[in-house]
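Visitor: Could you show me how to read pockets and surface patches in a model like this?

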Amino acid sequence: MPPMSKVELYVAIRRDHRAGMKMRELERKYNVSWRTVKKAVDSVWPEPRKKLPPRRTALDPFKPVIDEMLRTDLDAPRKQRHTITRIFHRLVEEHGADVSYQMVRRYVADRKPEILAASGKAPVEAFVPQTHLPGHEAEVDFGDVTVRLAGELVTCYLFSLRLSYSGKAVHRVFASCGQEAFFEGHVHALVS
């Protein structure tokens, strides 16, 4: 039997179970335990994989030392703060650490923003989703544009309207940027 994903295995077991195969027969046919057959019959989707605990690294004993260096840098003048290279050299020289520079660099890159946010010296990153109702908002702009008209360079005006909900944009070039052109651009954009 060719190897199949867990989802495909569950589908096949459920199909055969509905066709009348017994649990023991399903175990033998698919070479799985009775627990797997029971889970497949009871649930459409397999259980999500369990997240493994993070593996220990050579840097783990030195993480509090690095955190302390980063915390003391919060009050230090800008030119006297620790660079990643300086942190790495201090770990090797003062603490006898047998770690790579890349390992230290990755840890500091992840940890430094967390320490800044915890101290209140850096804003916590936030995402504010924008919602636009259909037909409620649009952005309009007039801008100069140079075009070649009958072989001569002529300055014209580009009307641009973009609807915020759909993102649809309409552009129109006018000879002037007067109020009439402004209104005509709106009419053209909203009719088309």
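Guide: We will go through the pockets, then a surface patch. This is a predicted model, where local features need pLDDT of at least 70 and side-chain atom pairs count only at pLDDT 80 or more, while totals for chains, interfaces and linings use all residues. Residues are numbered from 1 along each chain as its sequence is written, and side-chain values use heavy atoms, with hydrogens and water left out.

Visitor: How much space lies in the largest pocket, and which residues line the largest pocket?

Guide: Rolling a probe the size of a water molecule over the atoms shows where empty space is left. A pocket is an open set of points on a 1 Å grid over the protein atoms alone, where a 1.4 Å probe fits, with protein on both sides within 12 Å along at least five of seven lines; lining residues have an atom within 4 Å of a point. Here the largest pocket holds about 250 Å³, the space filled by probe spheres set on points joined across faces, edges and corners. Its lining is K6, V7, Y10, T36, K39, P46, E47, P48, R49 and K50.

Visitor: What space lies in the second largest pocket?

Guide: About 210 Å³. Among its lining residues are L70, D73, R78, H82 and K121.

Visitor: Is W45 buried or exposed?

Guide: Buried means under 20% relative accessible area, exposed over 50%, and partly exposed in between (1.4 Å probe, protein chains only). W45 has 59% relative accessibility, so W45 counts as exposed.
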